[in-house]
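Here is an informal walk through one protein chain. Have the sequence and the model open as you read.

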Amino acid sequence: MALISILGGSLAYGDQPLLQQADLAVDEGERICLVGRNGTGKSSLLKVICGDSQLDDGRLILRQGLKISRLNQDPPLTIQGTAYSMVASAIPVVGDALAKVALGEDESGELSAFIEKHDGWRYDGIICRILNKMQINPDTSLSTLSGGWRRKVALAASLACEPEVLLLDEPTNHLDIETIGWLEEWLLSFKGTLIFVTHDRAFADNLATRIVEQDRGKLYSYPGNFAAYLRLRDERLRKEELANKEFDRVLAEEEAWIRRGVKARLARNEGRVRNLEDLRRQRRERRDRLGRAIMQISEADRSGNIVFELTDVSVSFEDKSLINHFSATVMRQDRIGIVGPNGSGKTTLIKVMLGLLHQNHGKVRQGTGVQYQYFDQYHEKLNLQKTVADNVAEGRRDVIINGKTRHVISYLGDFLFTGKRARSPASVLSGGEKNRLLLARMFARPCNVLVMDEPTNDLDLETLELLEELIASFNGTVIVISHDRRFIDKVATETWVFDGKGHIDTIVGGWSDVLSYYQRVGALQRETNAKNTAASDRDVKQKPGTATKKSEDQAQAGKGRTGISFTERHELESLPQEIERLEEEMAQLDQKVSDPSLYSSDGAQVKELLALRAALSDKLEQLYARWEDLEERAHG
């Protein structure tokens with residue numbers, strides 16, 4: 001029997017059905033990624049499953065006693081207590097007691113005894129371990145945390161309560177790449193059932209065992225990961241389009257027949273008339289797939305060649321160094337991706353570049369003719385009390401895009417806002433719709449520099465892909481902070497990597513190039529360390545003296561005891577020369593690989609050299625390990 005079943009489920013908010021006679025079955029141990037356009041009702045479906053909302057019609061069947069935990073899409077509103085107490089409150093039975101003990105409310109010791117009685121102290125370790133991994137101090141007051149950080153605490157609460165079914169709504173929002181990687185590993189080891197909403201394609205690919213798409217009130221299931229879903233979905237939509245065209249052709253023929261004035265009252269024609277009425281009803285009820293957004297940027301005159309020049313810039317807050325002596329030049333049409341841990345200074349840097357914050361040391365020069373538009377991740381530029389249209393046009397009826405006047409309602413239609421939605425207050429929008437609104441507002445203002453802080457949060461797949469295309473074709477300069485690995489790969493020509501300690505690496509290319517760079521650096525560092533160790537060992541072996549002679553005599557005398565054979569002793573003696581020969585080959589390869597001109601030549605040659613180097617590195621690792629083993633056994 002399925003853990004969770006929805007049979008003929010219907011749900012509507014306003015005049016648009018979110019679920020319409022929909023069915024869903026969830027089995028134990030599945031990891032289901034729920035996808036769909038913004039506003040289709042994915043968050044509402046999660047609320048139904050956990051019991052926070054009710055279906056208008058149909059049945060929800062849960063296995064008896066099923067323990068479900070849900071992470072909301074929006075940051076929690078509570079600011080009372082500490083990070084520890086908020087996470088502890090989510091723990092069943094002992095949670096409130098743990099929270100009160102953490103806040104010092106257990107003078108009598110009764111709460112501690114209660115926790116001990118119910119074996120609750122084990123949760124203390126779970127809570128601290130998860131908070132530590134997310135780099136959250138358990139004693140931090142919630143009132144001092146931003147909305148994004150409070151949401152991270154809420155994620156910790158969802159993980160710590162050990163549910164049987166975990167519902168996560170956009171769990172990667174506001175998480176840095178390192179934490180996303182940790183979360184992926186944690187969820188892969190999670191023994192329960194997972195249903196999650198995400199627009200992070202890499203996260204979905206790495207986790208999902210099944211994709212469920214919510215589309216126009218129906219739920220469509222696709223086995224496999226995100227890449228498999230895209231292929232199967234496109235095939236379904238192709239068949240649907242063909243079926244709709246055939247339906248519309250038949251309807252048009254019947255409409256033409258009725259207009260020719262055939263005497264419909266004749267008995268032999270009454271059935272055809274009834275059939276036409278049924279066709280008309282089906283066409284009225286058919287919900288066509290929402291079209292693709294149409295975005296264009298209102299471009300200003302181009303800027304000078306140098307857009308930003310940073311010289312020895314340092315920024316610190318409360319004795320913490322966020323940026324330490326960083327220098328860089330941003331040229332016109334550069335695409336700069338910025339990645340790094342939360343709180344490492346990424347947003348601070350772009351605000352310093354824009355003149356919104358001042359550095360403690362160094363110089364920032366903004367180039368000539370720079371007109372920027374800034375996308376902030378917390379939507380601070382949106383007035384939620386104003387309508388969607390007023391947020392874009394500021395009370396006017398029209399906007400001017402690249403010299404052409406557009407009615408604001410028509411313009412917002414390009415961003416998939418209906419006329420009714422455009423006249424609604426921004427407070428009713430979903431997270432993805434707020435992001436689309438902020439993009440519409442930003443693109444309506446002339447600019448030649450786009451500065452974007454986490455623009456991909458909550459965006460549906462189609463809008464995300466369109467944004468990638470738009471950035472690629474933009475004639476100006478783009479600086480974007482993102483934890484979406486594929487987005488950085490698609491848009492960045494250079495990536496700035498924050499280490500969280502004030503240092504920033506500048507690496508040519510996107511996220512894949514960042515990984516390759518650090519892998520090469522790590523491999524070179526390991527090889528250098530191994531070379532130094534091997535050289536030190538050789539120096540020790542070559543030094544004359546009684547201690548060395550004594551060790552060799554002991555090795556010979558103890559040959560039978562240590563198990564080293566004559567053949568192995570000969571191998572041990574020849575290993576230093578073999579290792580030295582391979583190290584020389586590696587040094588020659590490193591010289592070739594480090595030559596910048598190599599990467600402008602044929603890519604096949606680069607791959608061949610890197611593959612050869614990797615094989616040589618593996619061989620050296622094996623020889624080092626063998627040498628260490630024989631040395632240890634030979635000398636007892």
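Where is Glu394 found? Glu394 is in the loop between helix H12 (388-393) and strand E15 (398-401). Keep in mind that this is a predicted model. The backbone at this spot deserves a look: phi of Glu394 is near 55°, a positive value in a residue other than glycine. Most residues other than glycine have a negative phi. As for its surroundings, Glu394 has a relative accessible area of 45%, so it counts as partly exposed.

Val93 is another case of this kind. Its phi is positive, about 70°, although Val93 is not a glycine. This valine sits in the loop between helix H2 (83-88) and H3. Is Val93 buried or exposed? With a relative accessible area of 61%, Val93 is exposed.

**The chain as a whole**

Let's step back for a moment. The protein chain has 22 helices and 20 strands. Of its 636 residues, 48% are buried. The accessible surface comes to about 32000 Å², and carbon and sulfur atoms hold 49% of that. If you take the contacts with a separation of 6 or more, 68% of them are between residues 24 or more positions apart.

**H3 against H4**

Two packed helices are described by the angle between their axes and the distance between the axes. Here helix H3 (residues 95-102) packs with helix H4 (residues 110-117) at an angle of about 140°, and their axes are 9 Å apart. That angle makes H3 oblique to H4, because oblique stops at 145 degrees and anything over that would be roughly antiparallel. The H3 and H4 crossing is left-handed.

Which residues make the contact? From H3 come Ala97, Leu98, Lys100 and Val101, while H4 brings Leu111, Ser112, Phe114 and Ile115. Sorted by class, the contact of H3 with H4 has six nonpolar residues, one polar and one charged.

**Two helices and the glycines after them**

Now look at H11 (residues 346-353). How many of its eight residues are buried? Six of the eight are, so H11 is largely enclosed by the rest of the structure. The buried residues are Lys346, Thr348, Leu349, Ile350, Val352 and Met353. H11 is followed by Gly355, which has a positive phi near 80°.

Helix H1 (residues 42-50) can be read along the same lines. Its buried residues are Lys42, Ser44, Leu45, Leu46, Val48 and Ile49. Just after H1 comes Gly51, with a positive phi of about 90°.

A little further on, Gln54 lies in the loop between H1 and strand E4 (57-62). Gln54 counts as exposed, at 59% relative accessibility.

**Pairs apart in sequence**

Gln54 also belongs to a set of residue pairs for which the separation along the chain and the C-alpha distance are both on hand. Here they are side by side.

| Pair | Apart in sequence | C-alpha to C-alpha |
|---|---|---|
| Glu469 and Val491 | 22 residues | 8.4 Å |
| Gln54 and Gly9 | 45 residues | 9.9 Å |
| Ser143 and Leu77 | 66 residues | 10.0 Å |
| Asp629 and Leu572 | 57 residues | 9.6 Å |

What about the settings of the other residues that open these rows? Glu469 is part of helix H16 (residues 461-473), and with a relative accessible area of 43% this glutamate is partly exposed. Ser143 has its place in the loop between helix H5 (121-133) and helix H6 (147-160). Ser143 is partly exposed too, at a relative accessible area of 48%; the cut-off for exposed is over 50%.

That leaves Asp629, which sits in helix H22 (residues 603-634). Is Asp629 exposed, partly exposed or buried? At 32% relative accessibility, Asp629 counts as partly exposed, because buried would need a value under 20%.

Terms used:
Residues are numbered from 1 along each chain as its sequence is written. This is a predicted model: local features need pLDDT of at least 70, side-chain atom pairs count only at pLDDT 80 or more; totals for chains, interfaces and linings use all residues. Side-chain values use heavy atoms; hydrogens and water are left out. Axes are lines fitted to C-alpha atoms, for helices over the stretch in contact, and angles run from 0 to 180 degrees between N-to-C directions. Helices (H or I, at least four residues) and strands (E, at least two) are DSSP runs, numbered from the N terminus. Angles under 35 degrees count as roughly parallel, over 145 as roughly antiparallel, 65 to 115 as roughly perpendicular and the rest as oblique. A crossing is left-handed if the near helix is turned anticlockwise from the far one by less than a right angle, and right-handed if clockwise. Contact means heavy atoms within 4.5 Å. Ala, Val, Leu, Ile, Met, Phe, Trp, Tyr, Cys and Pro count as nonpolar, Asp, Glu, Lys and Arg as charged, and the others, Gly among them, as polar. Buried means under 20% relative accessible area, exposed over 50%, partly exposed in between (1.4 Å probe, protein chains only). Accessible areas come from the Shrake-Rupley method with a 1.4 Å probe; for residues, only the protein chains shown count as cover.
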